[in-house]
Amino acid sequence: MDNNNLQDYLSVLTSSLEAHQHWLQEGISEYDLIQRLAGAPHYLFDKDAMQNSHTLFQAHFMLFHCLYQLADKWHQQHIGCLDIVATHIKLSDWQPFEASLQKPDPMRAYYLDLSQLQSTTEHDIHNMLDRFWQMMSGSTGLASQLECQKACKILEVPDIKTLDFSTLKKLYRKQQHKHHPDKGGSSASSQQLSWAYQILVPFAV
């Protein structure tokens, strides 16, 4: 797909996401979102896109590219805050961001850079897809349980059995505020909090 066709496709994909904003307000997984957009009347993804690692990566990247663009747009327009995690994409009520707490977001930078669509290697794709399917399957093996316990400790989650998405988000923001470099924290602490958040999202109901 050349650059002009790619831009046209991304424009249509973005418009479709905007037209179905209610899907995001209800909360939806990346897998389900791709499935819906692959079906009638959209046909924006190949129906077999999930069966091949390369086509799945392309679908994943282009979807996240559009979602991050919409996240910026909707926040600027006070429409809402879009949380973008593979297992739970959700548009929640708008909240102002404190300028002093803004920090570089490597995930956002990655997906907004279209050159990454071509430069990401097969090895990178396989690593990303391994993580994607692990999250989609809700794996709770020994390693996952240990990671979960560590993440709960980092974010000070009192009981994972009763954890909901709204509470997780509040705990995450509270700890990011507490450990932000401007508050005496470090970038390493901030990254660790982001890791813990990603680990716990699949368990938040």
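**Exercise 1. Charges over rings**

Task: In this predicted model, find which residue lies over the face of Trp 23, and how far from the ring centre.

Solution: Start at the ring of Trp 23 and look over its face: there you meet Arg 36, at 5.0 Å from the ring centre. To count as a charge over a ring, CZ of Arg must be within 6 Å of the ring centre. Now move on to Trp 195, where Lys 150 lies over the face, at 5.3 Å from the ring centre.

**Exercise 2. An aromatic pair across the chain**

Task: Classify the ring pair of Tyr 9 and Phe 45, then say which parts of the chain the pair links.

Solution: A pair of aromatic rings is described by the distance of the centres and the angle of the planes. The structure holds 9 aromatic pairs. For Tyr 9 and Phe 45, the centres are 6.4 Å apart and the planes meet at 70 degrees. Planes over 60 degrees apart count as edge-to-face, so that is the class of this pair.

Next, place the two residues. Tyr 9 belongs to helix 1 (residues 3-19), while Phe 45 is in the loop between helix 3 (30-38) and helix 4 (53-76). The pair therefore links distant parts of the chain, 36 residues apart.

Finally, check the burial. The cut-off for buried is under 20% relative accessible area. Tyr 9, at 15%, is buried, and Phe 45, at 7%, is buried too.

**Exercise 3. A second pair and its cluster**

Task: Decide whether the pair of Tyr 68 and Tyr 111 is stacked or edge-to-face, and find which cluster holds these rings.

Solution: The ring centres of Tyr 68 and Tyr 111 are 5.9 Å apart and the planes stand at 10 degrees, so the pair is stacked. Tyr 68 sits in helix 4 and Tyr 111 in helix 5 (residues 106-112), so the pair ties together parts 43 residues apart in sequence. Tyr 68 has a relative accessibility of 9% and counts as buried; Tyr 111, at 3%, is buried as well. Now widen the view: ring pairs link Tyr 68 and Tyr 111 with Phe 57, Phe 61, Phe 64 and Tyr 110 into a cluster.

**Exercise 4. Checking helix 4**

Task: What span should helix 4 have, and what is the distance between its end C-alpha atoms?

Solution: Helix 4 has 24 residues; at 1.5 Å a residue it should span 34 Å. Its end C-alpha atoms are 34 Å apart, which agrees. Just after helix 4, His 78 takes a positive phi of about 60 degrees.

Within helix 4 you will find Gln 58, which is partly exposed at 28% relative accessibility. Its C-alpha is 7.0 Å from that of Leu 117, although the two residues are 59 apart in sequence.

**Exercise 5. The hairpin**

Task: In which sense do strand 1 and strand 2 pair, and over how many bridges?

Solution: Strand 1 (residues 81-85) and strand 2 pair in the antiparallel sense, over 5 bridges. A hairpin of 2 residues joins these strands. For one of the bridges, start at Val 85: its partner in strand 2 is His 88. Strand 2 (residues 88-92) is mostly covered, as 4 of its 5 residues are buried.

**Exercise 6. Cysteines and a serine**

Task: How many disulfides does the structure hold, and are Cys 66 and Cys 81 buried or exposed?

Solution: A search of the whole structure finds 0 disulfides. Cys 66 is buried, at 0% relative accessible area, and Cys 81 is buried at 4%.

To finish, turn to Ser 29, in the loop between helix 2 (21-26) and helix 3. Ser 29 counts as buried, at 14% relative accessibility. A polar atom of the Ser 29 side chain lies 3.1 Å from the backbone nitrogen of Asp 32.

How values were computed. Residues are numbered from 1 along each chain as its sequence is written. This is a predicted model: local features need pLDDT of at least 70, side-chain atom pairs count only at pLDDT 80 or more; totals for chains, interfaces and linings use all residues. Side-chain values use heavy atoms; hydrogens and water are left out. A disulfide is a pair of cysteine sulfur atoms within 2.5 Å. Buried means under 20% relative accessible area, exposed over 50%, partly exposed in between (1.4 Å probe, protein chains only). Rings of Phe, Tyr and Trp (its six-membered ring) pair if their centres lie within 6.5 Å; planes under 30 degrees apart count as stacked, over 60 as edge-to-face and the rest as tilted. A charge sits over a ring if NZ of Lys or CZ of Arg is within 6 Å of the ring centre and within 35 degrees of the ring normal. The expected span of a helix is 1.5 Å times one less than its number of residues. A polar contact is a pair of N or O atoms within 3.5 Å; within protein, one must be able to donate a hydrogen and the other to accept it, and residues adjacent in sequence count only if both atoms are side-chain atoms. Two strands pair if DSSP finds at least two bridges between them.
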